[in-house]
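Here is a short report to read beside the sequence and the model. Start with a helix, then move to the charged pairs.

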Amino acid sequence: MASSTPEERLDFMLENFSTTALYELFINPIREIPDLGEQWLKSLGHLLEFMSEVHAWQRIEGKVALNSFRQLLDIEHLLAQSASLGPQLDECRDRYLLSLPGVKSVKKPLSPAARQNHTTLTVLLDQAINTLIRRLQGTDSMAGQKRSSRPGDVVLEGPGFEVVIGPKHQLIIRYPEGKTAVILMHDPRDGHFLLVERFSEIDSLHILEFPRVPASKMHNRENAAAITLQELTGLPLRKLEKIGEIRPDSHMIAGACEVYYGTFDLEENIVPNKKWIRDVKRITEDGLYEGGFDRRISCAHTLAAISIWRAFESVRKKREANSRRVRNPRAEEAE
């Protein structure tokens, strides 16, 4: 995406980034505010979390611009928007309101002191937004000098990734902490695969996909994948085998997604351990293809990993056949 102004770049981020990425985007300049007490930082974090969640729901209606995000700084507008979305935001709203000094109950109207504290927070958050815009413009705030953006400049950092300006001034996502990965868990006896059903903040619905491994600086990538698998499904640690890589062709993501293979059996207890994972499902290979056709499975990494597994499976069967011949050569001769 070629963007001519910092506001256009920020609009792009507000339109495409998850609530977690948006939170990290704005919280970094907030943490840099000098002499900001722990209580104010905590309240700002809850406010930013609340605004990001409301904004994620507003995107469904096409309200993605920076002006729409800034409007959420008004407490009445923010509360009205969250109320219109139903009870799904109640916990996030209450967490912010109770963090304001002087608020003891969310069922009572906000006192003048609480409103004044909210106004103080909005000033600080608006200051952080302006700081972010200056950085997207390539402003050196320390020297008071401006320069145009250049290829290689990092325009923002998120959890495990960063966005840089490419050679033609397009935005490119890269993972400096390491590659991402997906894990293909297969039961060779009955042909089932394990898919997790998680909530997608962007689509606002539950989606099916192979367990995803975020970028990590761990030297042993197999161990990092096994630990993530345990956290998502409750399966015990096991040895995983890398069977391929998925390289995007959109030229917006620098790097590759690794594909790991592991086996499981019917007797193993599978219990999701993360709150955003609703269920772990056993699905046959035909079920995977049907899910892709019915759009119940739309994750590109999941669908691409199946193609890699098909090629790997033929190699695996040849390995097993060769291993049996080596272990029992007489039986091979008898045949």
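Which residues of α2 are buried? They are Thr19, Ala21, Leu22, Leu25, Phe26, Ile27, Pro29 and Ile30. This is a predicted model. Helix α2 covers residues 19–31. Its 13 residues should span 18 Å at 1.5 Å a residue, and the end C-alpha atoms are 18 Å apart, which agrees. An α-helix has 3.6 residues a turn, so residues three or four places apart point the same way.

**Salt bridges**

Side chains of opposite charge can pair when their charged atoms come close. The structure holds 23 salt bridges. Three of them are set out here.

| Pair | N to O distance | Separation along the chain |
|---|---|---|
| Arg95 and Glu49 | 2.9 Å | 46 residues |
| Arg282 and Asp190 | 2.8 Å | 92 residues |
| Arg221 and Glu258 | 3.4 Å | 37 residues |

Take Arg95 and Glu49, whose closest N and O atoms are 2.9 Å apart. This pair links distant parts of the chain: Arg95 sits in helix α6 (residues 90–99), and Glu49 in helix α3 (residues 38–58). Arg95 is partly exposed, because its relative accessible area is 29%. Glu49 is also partly exposed, at 26%.

Next come Arg282 and Asp190, which meet in a salt bridge through their side chains. Again, distant parts of the chain are linked: Arg282 belongs to strand β13 (residues 277–284), while Asp190 lies in the loop between β6 (180–187) and β7 (192–200). Arg282 has 29% relative accessibility, so it counts as partly exposed. Asp190 is partly exposed too, with a relative accessible area of 34%.

The third pair is Arg221 and Glu258, joined by a salt bridge of 3.4 Å, N to O. It connects helix α8 to strand β12, two distant parts of the chain. Are these residues buried or exposed? Arg221 is buried, and so is Glu258.

**Around Glu258**

Glu258 lies in strand β12, which runs over residues 257–263. Why does Glu258 count as buried? Its relative accessibility is 7%, and buried means under 20%. Beyond the salt bridge with Arg221, the side chain of Glu258 makes a polar contact of 3.3 Å with that of Lys242. Which residues share a network of salt bridges with Glu258? They are Lys179, Arg221, Lys242, Glu245 and Arg247. Leaving aside neighbours within four places in sequence, Glu258 is in contact with Lys179, Thr180, Ala181, Val182, Arg221, Lys242, Gly244 and Glu245.

**A nonpolar surface patch**

Which residues make the nonpolar surface patch of about 250 Å²? Met218, Ile227 and Leu237 make it. Ile227 has its place in helix α8 (residues 221–233). With a relative accessible area of 34%, Ile227 is partly exposed. Helix α8 also holds Arg221, the buried partner of Glu258.

**A loop arginine**

Where is Arg150 found? It is in the loop between β2 (145–146) and β3 (154–158). Its relative accessibility is 48%, so Arg150 counts as partly exposed. Not counting residues up to four places away in sequence, Arg150 touches Ile165 and His169. Val164 is 14 residues from Arg150 along the chain, and their C-alpha atoms are separated by 9.4 Å.

Definitions and conventions: Residues numbered from 1 in each chain as written. Predicted model: local features only at pLDDT ≥ 70, side-chain atom pairs only at ≥ 80, totals over all residues. Heavy atoms only, no water. Patch = residues over 30% accessible without salt bridge, like charges linked within 9 Å, V, L, I, M, F, W, Y side chains within 5 Å. Areas by Shrake-Rupley, 256 points an atom, 1.4 Å probe, with all protein chains shown as cover. Salt bridge = Lys/Arg side-chain N within 4 Å of Asp/Glu carboxyl O. Helix = DSSP H or I, 4+ residues; strand = E, 2+ residues; numbered from the N terminus. Buried < 20%, exposed > 50% of the residue type's maximum accessible area, 1.4 Å probe, protein only. Polar contact = N/O pair within 3.5 Å; in protein donor to acceptor, adjacent residues only side chain to side chain. Contact = heavy atoms within 4.5 Å. Expected span 1.5 Å × (residues − 1).
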